[in-house]
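Here's a quick tour for anyone meeting this structure for the first time. Have a look at it, then read on for the main sights.

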Amino acid sequence: MDIEIQLPALLFAAPPAAEQPPLWLTNARLFDGTRAPVRDHVGVLVDGGRITRVGAAGDGAPDGSVVIDLAGKTLMPGLINGHMHGVGQVPDPGFGAQPTLPGTASHLLGAKLREFLQYGVTTVRDMGTYGDQVMENRQAMRFGAYRGARVLTCGLIISGTAPGGLVFEGMYREADGPDEVRKGVREQIRRGADFIKIMTDGARSVELESGVCRHSDGSAASLPNQLTYDEMTVAVEEARRMGYRVAAHAEGLAGCEAAIDLWMQTVEHGFYLHRRPELLDRMAERDVALVPTFSSSYVFAGRDLDVGLDGDPQRYCTPELDAVANANIRELEKTLQAAQAAGTLLVMGGDDLELRRGGVWIEVQRLVHHGLPAHDALVAATSGAARALGLDELGQVKTGNIADLAVVDGDPIANPELLGDRGRFWLVLQGGSAVAGSALEVGVADLGIAG
Ligand SMILES: [Zn+2]
């Protein structure tokens, strides 16, 4: 569905690069963010913060440009993390430590936003946070305090009054009845949100919402919706009227069906969709994207950094929720493969609550492990995500786009595990500015006197 969208995140992006000569990135292997085959010996010209030419290395550089030889390296769009939570994680220093001050979490989030760049992630979508930490960091980046991943945010999550409102106290805007839901949507727009997120149904991390105390088929596939159809209709109507997209938290099939009926732009989680293949077909027809989010289920299953279900899990949630999380990984594997077969738009987003090392590499590996070809996993992390999020000028290496680019030493399609190795990110550009990469880093050893 075409809506003329509002994205404050683009307004709040870091200031444009200082005057710099054009960059001619040449001899690269190019993954352009789409399903097009990877090409060798490509040259890409970056000027004024944009990609101004995609051609052959032999085309030669314009006069006055800086020539950067990328032989042996892969040039690709800056990665997009389509589902994360902009929450700074304050370590627990132990009993007796000085109490944590209210602003500390925000600084720790800022450190993560900088770290994203070091792993080639130039844009992230915040799916719910506490307080103003995302907005504070966005302002700090706007005013040039530091460079970090550009953040799209939902503000608070619109939910009915529900048990999750206690578990995630401060992350939800609970609203009951159409008028209050409309007001909740307007409040997020007032805060500067980029899109509206609604909880169609409950969360697998909340025992009173996850279906574990219901008589059912042992899964949450039949979860009831928490918001009524009328409430969801109003949320979508108000968001769309004002030019904002809607993301649906939807685990059970009823939540997914409502999201698709009401034409929300993304379905987050959607574990059981393989059981209703016609819903995946309708998603493909309507360009409603699926964000599979393997990583949060791995965390809840106590499988932290595992890829696959072979390792011995550690306890993370209650035993019942642990079982749900393990079952969800198996369901999601079937859904991922069915969605791929149906041609449903896929978005990479781990929902990784710890934001480990950029938070993207392990979700990509899990997508690949559970059956998505690596090339398609990287499409989901670039042009697929950009399309679902309404980022028309990001996610693809093409003329005219904003120059968010990552240069990887090696081939991340053949070896997706490279994405977890910070040293392999040789150069990262955001809006044409060199913001990260091993080529820019000087270590103490480099300062020694040669010989
Ligand atoms: Zn989430």
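Before the tour, a word on labels: helices (H or I, at least four residues) and strands (E, at least two) are DSSP runs, numbered from the N terminus. That's how to read a phrase like "the loop between H7 and S13", which is where Trp-263 sits. Keep in mind that this is a predicted model. The stops are a zinc site, two domains and the contact between them, some salt bridges, a helix with buried residues, and a few backbone angles.

**The zinc site**

- Three residues of the protein act as donors to the zinc ion: His-83 and His-85, each through NE2, and Asp-351 through OD.
- These donor atoms lie 2.1 to 2.3 Å from the zinc ion.
- Read along the chain, the donors follow the spacing H-x1-H-x265-D.
- His-85 and Asp-351 link distant parts of the chain, being 266 residues apart.
- His-85 is in the loop between strand S6 (79–84) and helix H2 (104–118), while Asp-351 is in the loop between helix H10 (319–342) and helix H11 (361–369).
- Are His-85 and Asp-351 buried or exposed? Both of them are buried.

**Two domains and where they touch**

- The domain assignment splits the protein chain into domain 1 (17–77 + 398–438) and domain 2 (79–389).
- Measuring between C-alpha centres, domain 1 and domain 2 are 30 Å apart.
- To their contact, domain 1 gives 26 residues and domain 2 gives 24 residues.
- Together, domain 1 and domain 2 bury about 2100 Å² between them, and 61% of that is on carbon and sulfur atoms.
- How many salt bridges does the rule find across the interface of domain 1 and domain 2? It finds two.
- There are also 10 residue pairs in polar contact between domain 1 and domain 2.
- On the side of domain 1 that touches domain 2, the elements giving two or more residues are strand S5 (73–77), strand S16 (425–430) and strand S17 (433–436).
- S16 supplies the largest share of that side, with four residues.

**Salt bridges**

- Side chains of opposite charge can pair when their charged atoms come close.
- The structure holds 25 salt bridges.
- Arg-35 pairs with Asp-376, and their closest N and O atoms are 2.8 Å apart.
- Asp-40 and Arg-29 meet in a salt bridge too, at 2.9 Å from N to O.
- Asp-40 belongs to strand S2 (residues 39–47) and Arg-29 to strand S1 (residues 23–30), so this pair ties together parts that are 11 residues apart in sequence.
- Asp-40 has a relative accessible area of 42%, so it counts as partly exposed.
- Arg-29 is partly exposed as well, at 28% relative accessibility.
- Glu-115 forms a salt bridge with Lys-112, with 3.6 Å between the closest N and O atoms.
- Glu-115 and Lys-112 both lie in helix H2, three residues apart, which is about one turn of the helix.
- Glu-115 is partly exposed at 21% relative accessible area, and Lys-112 is partly exposed at 22%.
- Glu-257 teams up with Arg-276 in another salt bridge, their closest N and O atoms being 3.2 Å apart.
- This pair links distant parts of the chain: Glu-257 is in helix H7 (residues 253–261), and Arg-276 is in the loop between strand S13 (266–269) and helix H8 (277–286), 19 residues apart.
- Glu-257 is partly exposed, with a relative accessible area of 27%, and Arg-276 is partly exposed too, with 25%.
- Arg-182, Arg-186, Glu-237, Glu-238 and Arg-241 are joined into one network by salt bridges that share partners.

**Helix H3 and its neighbours**

- Among the residues of helix H3 (residues 133–142), Gln-133, Val-134, Met-135, Asn-137, Arg-138 and Met-141 are buried.
- What do the buried residues of H3 pack against? They pack against helix H1 (8–11), H2, strand S7 (121–126), strand S8 (150–153) and helix H5 (178–191).
- Just after H3 comes Gly-144, with a positive phi of about 80°.

**Positive phi outside glycine**

- Trp-263 isn't a glycine, yet its phi is positive, near 60°.
- Trp-263 is partly exposed, at 24% relative accessibility.
- Thr-293, also not a glycine, has a positive phi of about 55°.
- Thr-293 lies in the loop between strand S14 (289–291) and helix H9 (294–300).
- With a relative accessible area of 0%, Thr-293 is buried.

Key
Residues are numbered from 1 along each chain as its sequence is written. This is a predicted model: local features need pLDDT of at least 70, side-chain atom pairs count only at pLDDT 80 or more; totals for chains, interfaces and linings use all residues. Side-chain values use heavy atoms; hydrogens and water are left out. Donors are N, O and S atoms within 2.8 Å of the metal (3.2 Å for Na, K and Ca); water is not among the atoms, so sites may look incomplete. Buried means under 20% relative accessible area, exposed over 50%, partly exposed in between (1.4 Å probe, protein chains only). Domain bounds come from an automatic or database domain assignment. Contact means heavy atoms within 4.5 Å. Buried area is the accessible area (1.4 Å probe) that two parts lose on being put together, summed over both. A salt bridge is a side-chain nitrogen of Lys or Arg within 4 Å of a carboxyl oxygen of Asp or Glu. A polar contact is a pair of N or O atoms within 3.5 Å; within protein, one must be able to donate a hydrogen and the other to accept it, and residues adjacent in sequence count only if both atoms are side-chain atoms.
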